[in-house]
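Hi,

Here is the structure I said I would pass on. Have a look at it first, and then read on for what turned up.

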Amino acid sequence: MALEKIQEVDQIEVVGEYAVQVRQSTKVMDDGVQIGGESYHRHVVHPDGNWSNEDAKVKKICDALFD
């Protein structure tokens, strides 16, 4: 039995002119089979914030939108 927790950015939305909303999903897998449901976490990135620790896809969007 190999349990593993997978977190990935599964949705990125540009909201208005100055915000990027990011949704991250979390799944628990047992030997490649998902057990239980997914959980989600959302956060917003603003132009005056620090997006250097974000997912690569989010960084590219923020760089293009905010610079």
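**What I found**

Let's start at the surface: Leu-3 is exposed, with a relative accessible area of 55%. Before going further, please keep in mind that this is a predicted model. Leu-3 sits in strand β1, which covers residues 3-15. Together with Val-28 and Ile-35, Leu-3 makes a nonpolar surface patch of about 240 Å². Leu-3 counts as exposed because its 55% is over the 50% cut-off.

**The core**

Now for the inside. Which residues make up the largest nonpolar core? There are 8 of them: Val-9, Val-20, Val-22, Val-45, Trp-51, Val-58, Cys-62 and Phe-66. Two elements give two or more residues to this core, namely β2 and α1 (56-66). Of the elements, α1 gives the most, with 3 residues.

Val-45 is a good core residue to click on. You'll find Val-45 in strand β3, and its relative accessible area is 5%, so it counts as buried. If you skip neighbours within four places in sequence, the contacts of Val-45 are Tyr-18, Ala-19, Val-20, Val-22, Trp-51, Glu-54, Val-58, Cys-62 and Phe-66. For a feel of the distances here, try the C-alpha atoms of Val-45 and Lys-59: they are 9.9 Å apart, with the two positions 14 residues apart along the chain.

Val-22 is another one to click on. With the neighbours up to four places away again left out, Val-22 is in contact with Val-9, Gln-11, His-41, Arg-42, His-43, Val-45 and Val-58. Among these, Val-9, Val-45 and Val-58 are also members of the core.

**The salt bridges**

How many salt bridges does the structure hold? There are 3, and here is each in turn.

One pairs Lys-27 with Glu-8, and their closest N and O atoms are 3.7 Å apart. Lys-27 is in strand β2 and Glu-8 is in strand β1, so this pair ties together parts that are 19 residues apart in sequence. Glu-8 is partly exposed, at 36% relative accessible area.

Another joins the side chains of Arg-23 and Asp-10, at 2.8 Å from N to O. This pair also links distant parts of the chain, with Arg-23 in strand β2 and Asp-10 in strand β1, 13 residues apart. Is Arg-23 buried or exposed? With 18% relative accessibility, Arg-23 counts as buried, since the cut-off for buried is under 20%. Its partner Asp-10 is partly exposed, at 33%. The two side chains also make a polar contact, at 2.8 Å. If you want to see what surrounds Arg-23, it touches Glu-8, Val-9, Asp-10, Gln-11, Tyr-40, His-41 and Arg-42, not counting residues up to four places away in sequence.

The remaining one is between the side chains of Glu-13 and Arg-42, at 3.7 Å from N to O. Glu-13 belongs to strand β1 and Arg-42 to strand β3, so the pair ties together parts that are 29 residues apart in sequence. Both ends are partly exposed: Glu-13 has 31% relative accessibility, and Arg-42 has 41%.

**Two more residues along the way**

Thr-26 is in strand β2. At 16% relative accessibility, Thr-26 counts as buried. What does Thr-26 touch, not counting residues up to four places away in sequence? The list is Lys-5, Ile-6, Gln-7, Gly-37, Glu-38 and Ser-39. Among these, Lys-5, Ile-6 and Gln-7 fall in strand β1 (residues 3-15), while Gly-37, Glu-38 and Ser-39 fall in β3 (33-45).

Then there is Asp-31, in the loop between β2 and β3. Its phi is near 55°, a positive value in a residue other than glycine. For background, most residues other than glycine have a negative phi. Asp-31 is also exposed, with a relative accessible area of 54%.

**Where to look**

If you only have a few minutes, look at Val-45 in the core, then Arg-23 with Asp-10, and then Asp-31 in its loop.

Cheers

Conventions:
Residues numbered from 1 in each chain as written. Predicted model: local features only at pLDDT ≥ 70, side-chain atom pairs only at ≥ 80, totals over all residues. Heavy atoms only, no water. Patch = residues over 30% accessible without salt bridge, like charges linked within 9 Å, V, L, I, M, F, W, Y side chains within 5 Å. Areas by Shrake-Rupley, 256 points an atom, 1.4 Å probe, with all protein chains shown as cover. Salt bridge = Lys/Arg side-chain N within 4 Å of Asp/Glu carboxyl O. Helix = DSSP H or I, 4+ residues; strand = E, 2+ residues; numbered from the N terminus. Buried < 20%, exposed > 50% of the residue type's maximum accessible area, 1.4 Å probe, protein only. Polar contact = N/O pair within 3.5 Å; in protein donor to acceptor, adjacent residues only side chain to side chain. Contact = heavy atoms within 4.5 Å. Core = buried A, V, L, I, M, F, W, Y, C linked by side-chain atoms within 4.5 Å.
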